[in-house]
Amino acid sequence: MSEINPFSKTVIGDKEPLCNQKSLLAALLLEARSGNNNVLLAPRRCGKTSLAMRLARDYRAEGGLATFCDLSAVPSADAAADRIATALYASLSVNDRIFKKLSRLVTAFVPVITMNPDGSFSVSAAVSGVAKSGLDRLVSVVASLDSISSHSKTPLLVIFDEFQDLAMLNDGARIEASLRSTIQHHKASYLFIGSRRKLLRDMFDSPKRAFYRGATTRDLPLIEPDEFSTHLVALAGESGAAWPLNITDNIVAIAEAHTYSVTAIAHALYELTVPNVPTEDDLAKAMNTAVARETSLFTSVYASLTPQSRTLIEVLAKEPTRQPMSGEYMARHRLTNAATVKKSLITLINGDHIAKDESGLITLTDPLLKCWLNERWGRQHMISMPSIR
Ligand SMILES: Nc1ncnc2c1ncn2[C@@H]1O[C@H](COP(=O)(O)OP(=O)(O)OP(=O)(O)O)[C@@H](O)[C@H]1O
Ligand SMILES: [Mg+2]
């Protein structure tokens, strides 16, 4: 029996197996080699970062340079410049010769190398002499991505995770405009990723925005259920647990093939049952555990919504619909004002808490949040059992 739980609830590491996404990975690898720009959209916790990390790993394996920069909740242009420079230095540290040759092309920063207590090294970025505004520094560091790319055999692959957060800053429009003109004629290949799909799509698909038509937009598909189920059986098997296919099929079905939800339930089930064969009862318990473990996250998501959006998300958790503003649906769920429902729909879609599927059905993007809402407020345990005549 293995000492570790094989179902990782964090980003998949370079040595861990990734389920599927082979054709998307191959397409993105081709785009990186060709110096093209792409946008990758998917709801929260569907596997965007894991896929991007795998792309960076594979691109490096064939001799390319890849920079991965997380822009989530970035507070300012200055901080963004800092994160990009730090990520860039880390990506150049693949070997000494490349680091020496290319790191000096980053003129707005100098690298600071620190030795960690365990003997490993880490790199950070310190601003260099010339004082500049945050935006100038950001433009300068983005321009250095181009000069580095020009000095490499293949295009530099630059991955910006949660890119829409940059546009959400106060001076977002100026940042977008400056970056677009800097990036436009770049030799580097960009991959912009984000989970606030409406915001990111608007950045690239709206003629009014600076990045209009700046990249090919792609959706990250959910993993095909049968393949995901077989993957779970294999992972459990390698760690000493014999999981029957009907159990893993049920995990994928309950979790609607949502990548994180499937993984979180499998994680709880492994913990509960290893080395025994899990039963349907075990699965029900594991499901409760997986949902309960999300309570602090879901409580803060729920609390961050307006009261009207909270009402609507609860209603949609109970009953997904194609017509949330129809008189019949509104009356049944005691929604009184169509204008309020419309406003809440926009807020929830912008936050990517809900989405429309191909058939037009509006449902929650996170199946565990749906279960949590339905369990939490929907029922209470009775204190004693009344006799019902
Ligand atoms: N291809 C895959 N096969 C199996 N599991 C995966 C795969 N991709 C991601 N996962 C698992 O799904 C979960 C979410 O992955 P990841 O953090 O990459 O998603 P994300 O879309 O970037 O999430 P977030 O919206 O939080 O940034 C993790 O538990 C990860 O281990
Ligand atoms: Mg991510």
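The following legends describe several close-up views of this structure, which is a predicted model.

**View 1. Helix 14 and the elements around its buried residues.** Helix 14 runs over residues 307–318, and because its twelve residues at 1.5 Å a residue should span 16 Å, the 17 Å found between its end C-alpha atoms agrees with that expectation. The buried residues of helix 14 are S309, L312, I313, V315, L316 and A317. These buried residues pack against two helices, helix 16 (338–350) and helix 17 (367–376), and against two strands, strand 8 (354–356) and strand 9 (362–364). In general, an α-helix has 3.6 residues a turn, so residues three or four places apart point the same way.

**View 2. The packing of helix 14 against helix 16.** The axes of helix 14 and helix 16 lie 9 Å apart, and the two helices pack at an angle of about 80 degrees. Because angles of 65 to 115 degrees count as roughly perpendicular, helix 14 is roughly perpendicular to helix 16. On the side of helix 14 the contact is made by Q308, S309, L312 and I313, while helix 16 contributes T340, V341, K343, S344, L345, T347 and L348. Sorted by character, the residues of this contact between helix 14 and helix 16 comprise five nonpolar, five polar and one charged.

**View 3. The crossing of helix 5 and helix 7.** Helix 5 (residues 134–150) and helix 7 (residues 172–183) have axes that come within 10 Å and cross at roughly 25 degrees. Because an angle under 35 degrees counts as roughly parallel, helix 5 is described as roughly parallel to helix 7. The crossing of these two helices, helix 5 and helix 7, is right-handed. The contact involves L135, L138, V139, V142 and A143 of helix 5, together with R174, I175, S178, L179, T182 and I183 of helix 7. The residues of the contact of helix 5 with helix 7 divide into eight nonpolar, two polar and one charged.

**View 4. M168, in the loop between helix 6 and helix 7.** The loop that holds M168 follows helix 6 (164–167) and leads to helix 7. M168 counts as partly exposed because it has 13 C-beta neighbours inside 10 Å. F121 is 47 residues from M168 along the chain, and the C-alpha atoms of the two residues are separated by 34 Å.

**View 5. A87 within helix 3.** A87 is part of helix 3, which covers residues 77–92, and A87 is buried because 23 other C-beta atoms lie within 10 Å. When residues up to four places away in sequence are not counted, A87 touches T67, F68 and C69. A87 and T365 are 278 residues apart in sequence, and their C-alpha atoms are 30 Å apart in space.

**View 6. Backbone details at P275, A257 and R334.** Most residues other than glycine have a negative phi, and most peptide bonds are trans. A cis peptide bond, with omega about 5 degrees, joins V274 and P275, and P275 lies in the loop between helix 11 (259–273) and helix 12 (280–292). A257 has a positive phi, near 60 degrees, although this residue is not a glycine; A257 is in the loop between helix 10 (245–254) and helix 11, and counts as buried because it has 20 C-beta neighbours inside 10 Å. R334, also not a glycine, has a positive phi of about 55 degrees and is placed in the loop between helix 15 (327–332) and helix 16. With 8 other C-beta atoms within 10 Å, R334 is exposed.

Definitions and conventions:
Residues numbered from 1 in each chain as written. Chains lettered and ligands numbered in written order. Predicted model: local features only at pLDDT ≥ 70, side-chain atom pairs only at ≥ 80, totals over all residues. Helix = DSSP H or I, 4+ residues; strand = E, 2+ residues; numbered from the N terminus. Expected span 1.5 Å × (residues − 1). Buried ≥ 20, exposed ≤ 12 C-beta atoms within 10 Å, placed from the backbone. Contact = placed C-beta atoms within 7 Å. Axes fitted to C-alpha atoms, helices over the stretch in contact; angles between N-to-C directions. Parallel < 35°, antiparallel > 145°, perpendicular 65-115°, else oblique. Left-handed = near helix turned anticlockwise from the far one by under 90°. Nonpolar A, V, L, I, M, F, W, Y, C, P; charged D, E, K, R; others polar.
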